[in-house]
Structure formats: structure tokens, C-alpha cells
Amino acid sequence: MRVIFLGPPGSGKGTQAKLLSERLSVPAISTGDMLRAAVKDETPLGLQAKAVMERGELVSDEIMIGLIRERIARADAVEGFLLDGFPRTPEQARALEKLLTGNGSGLTAVINLFVPEALLVERMLGRAAAEGRADDRMEAIHERLRVYREKTEPLIDFYRERGLLAEVNGVGEVSEVADRIDRALSQAGGPCGPPDAPQARVRGAA
Ligand code: AP5
Ligand code: MG
């Protein structure tokens with residue numbers, strides 16, 4: 001099971017990837033969490049990424065592709081993984097495709113969580129109050145949404161063309177969204193669907 005969570009900031013990628021990771025026993029790999037850990041530990045990567053992240057911009061493709069190449073090669077990712085926050089640009093998506101082709105193992109599905117923008121902002125401001133994440137300030141939120149539209153949204157068509165896209169409504173209780181994701185994945189051949197179901201059936205699910 002190799003699943004990408006696509007969707008704008010605040011759409012629930014991290015929340016849902018963590019839950020699905022428990023259901024499937026495969027790691028949820030969050031590039032945002034990896035970078036935040038590096039910032040906290042003041043590693044060379046963290047020192048480089050801190051200001052970029054606080055402005056709501058993207059860390060370079062080169063760094064992110066290197067990070068993911070190393071992470072998905074680790075033993076715990078052999079049986080599968082969930083990606084939260086990667087890929088985020090067409091260059092990252094093409095690099096991932098090459099990495100996986102090299103491994104002889106393709107993607108199972110790409111879950112695109114859609115949530116209206118006003119609700120995204122409300123969720124991020126809610127988290128700012130609860131957790132104080134450095135990029136959940138109004139200015140950075142607007143920049144993250146702008147960068148998402150410019151750099152990441154084109155990936156929706158990229159994966160739709162490959163028959164991998166599952167559009168999932170991200171509005172509602174966390175458990176309702178999780179159920180929709182399960183239904184979308186079952187049409188892609190897992191976790192509760194036939195293992196040999198053609199991937200093209202994912203299109204338009206849930
Ligand atoms: P990243 O950490 O990936 O942040 P993001 O994409 O902006 O997304 P968020 O974490 O804000 O939202 P989410 O979709 O995960 O939603 P969540 O579940 O948290 O990236 C941060 C930065 O790192 C980037 O800006 C960039 O600088 C850098 N970076 C990371 N990856 C990169 C890459 N590949 N390339 C370049 N740069 C990269 O939920 C949001 C909130 O809503 C939470 O409080 C949650 O509790 C709540 N919530 C979730 N679901 C629901 C629900 N159903 N109902 C009500 N509330 C909900
Ligand atoms: Mg997140």
C-alpha cells in the first residue's frame with residue numbers, strides 16, 4: 001500500500017495519514033514533521049529550512065527529494081508507506097515516480113482531500129491557538145495557500161491522468177473522513193477491497 005495524501009494546508013492530510021497508518025501498519029511519512037523535527041534539533045537542514053517554513057514557502061526540491069529517497073529506502077517502508085506533504089511540486093512528483101519505478105513498486109492511490117478555503121483557515125488558526133505552530137500565522141497561512149495553488153494543485157491533474165486520483169471530501173468529523181478514505185482505497189484494491197482491482201477504478205471514488 002503506497003498512498004499519497006494530497007490537499008491544501010489544513011485539509012487533514014496529517015490527521016488522516018496518522019489514523020490510516022495505524023489501520024494498515026505502514027509508516028505515515030510527513031515531510032513537514034521531518035522538517036519541524038530538524039528545526040527543533042537545530043540540524044543543518046533545520047537551520048536552512050526554518051525561515052523558509054515560517055514564511056510559508058517551500059523548501060527546495062533537491063533537499064526534499066533527497067530526504068524522501070533516504071526515508072522510503074528504510075526497512076519499515078518496504079511493505080508500503082503513506083506520504084503526507086510530499087510530493088508538492090511537479091518536479092517532486094516526477095522524482096518520486098522514478099524512485100518507485102526503480103523499486104519496481106508503484107503507487108496504490110492518491111487521496112485528494114478537498115475542503116473549502118474558509119474552513120482551512122479556521123482549522124489552522126484553531127491549531128495556532130492550541131499548539132502555536134510557527135507557520136499558522138495569518139500571513140504565512142495566506143502564503144501557504146497561494147503556494148499550494150501555484151505549485152501543488154497541478155499535481156491533481158498529474159495523478160488524475162495516471163488513473164490514481166481519489167477525490168475525498170475532507171469536511172466533517174475526522175472519523176467520517178476516515179471512512180470515506182477507506183471506501184476510496186477499497187476501490188483501489190485495499191485495505192478492504194480485492195487486491196487485484198484495477199487502479200483506474202479509483203477515479204472519482206467516495
Ligand atoms: P506541512 O507540515 O506539510 O504543512 P501543510 O501542508 O501546510 O499542512 P498542514 O500540516 O497545515 O495541514 P494538514 O493537511 O496536514 O492538516 P492537519 O491534519 O494538520 O508543511 C509545512 C512546511 O514544510 C511547508 O509550508 C514547507 O515550508 C515545508 N515542506 C513540507 N513538505 C515539503 C515539500 N514536500 N516540499 C517543500 N517544502 C515542504 O489538520 C489541520 C488542523 O485541522 C489540525 O489542527 C487538525 O486537528 C484539524 N483537523 C483535521 N481534520 C479535521 C476535521 N475533519 N474536522 C475538524 N478539524 C480537523
Ligand atoms: Mg500536516
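Two strands count as paired if DSSP finds at least two bridges between them. With that criterion in hand, the tour of this predicted model may begin at the sheet.

**The sheet edge.** Select β2 and strand β3 (residues 81-84): three bridges join the two, and they run parallel. For one such bridge, display I29, whose partner in β3 is L83. Next, add α2, which packs on the sheet and touches both β2 and β3; the direction of α2 makes about 60° with that of β2.

**The whole sheet.** Extend the selection to the five strands, which form an open sheet in the order β2-β3-β1-β4-β5 with parallel pairing. β2 (28-30) and β5 (165-169) each have a single partner strand, so one side of each lacks a neighbour in the sheet. On average, neighbouring strands are turned by 25° against each other, direction ignored.

**A helix pair.** Now select α5 (residues 90-103) and α8 (residues 154-161), whose axes come within 10 Å and cross at roughly 30°. Angles under 35 degrees count as roughly parallel, and α5 and α8 are therefore described in that way. Show P90, A93, R94, L96 and E97 of α5 together with L155, F158 and Y159 of α8, which make the contact. These residues divide into six nonpolar, no polar and two charged.

**The largest pocket.** Finally, turn to the largest pocket, with a volume of about 1,000 Å³. Of its 47 lining residues, centre the view on G10, K13, R127, R133 and R144, the closest to the pocket centre. Elements giving two or more residues to the lining include β1 (2-6), α1 (13-24) and α2 (31-41). Coloured by class, the lining shows 16 nonpolar, 17 polar and 14 charged residues.

Note on methods
Residues are numbered from 1 along each chain as its sequence is written. Chains are lettered from A and ligands numbered from 1 in the order in which they are written. This is a predicted model: local features need pLDDT of at least 70, side-chain atom pairs count only at pLDDT 80 or more; totals for chains, interfaces and linings use all residues. Side-chain values use heavy atoms; hydrogens and water are left out. On a 1 Å grid over the protein atoms alone, a cavity is a set of points where a 1.4 Å probe fits but cannot get out, and a pocket is an open set with protein on both sides within 12 Å along at least five of seven lines; lining residues have an atom within 4 Å of a point. Grid points are joined across faces, edges and corners, and a volume is the space filled by probe spheres set on the points. Helices (H or I, at least four residues) and strands (E, at least two) are DSSP runs, numbered from the N terminus. Ala, Val, Leu, Ile, Met, Phe, Trp, Tyr, Cys and Pro count as nonpolar, Asp, Glu, Lys and Arg as charged, and the others, Gly among them, as polar. Axes are lines fitted to C-alpha atoms, for helices over the stretch in contact, and angles run from 0 to 180 degrees between N-to-C directions. Angles under 35 degrees count as roughly parallel, over 145 as roughly antiparallel, 65 to 115 as roughly perpendicular and the rest as oblique. Contact means heavy atoms within 4.5 Å.
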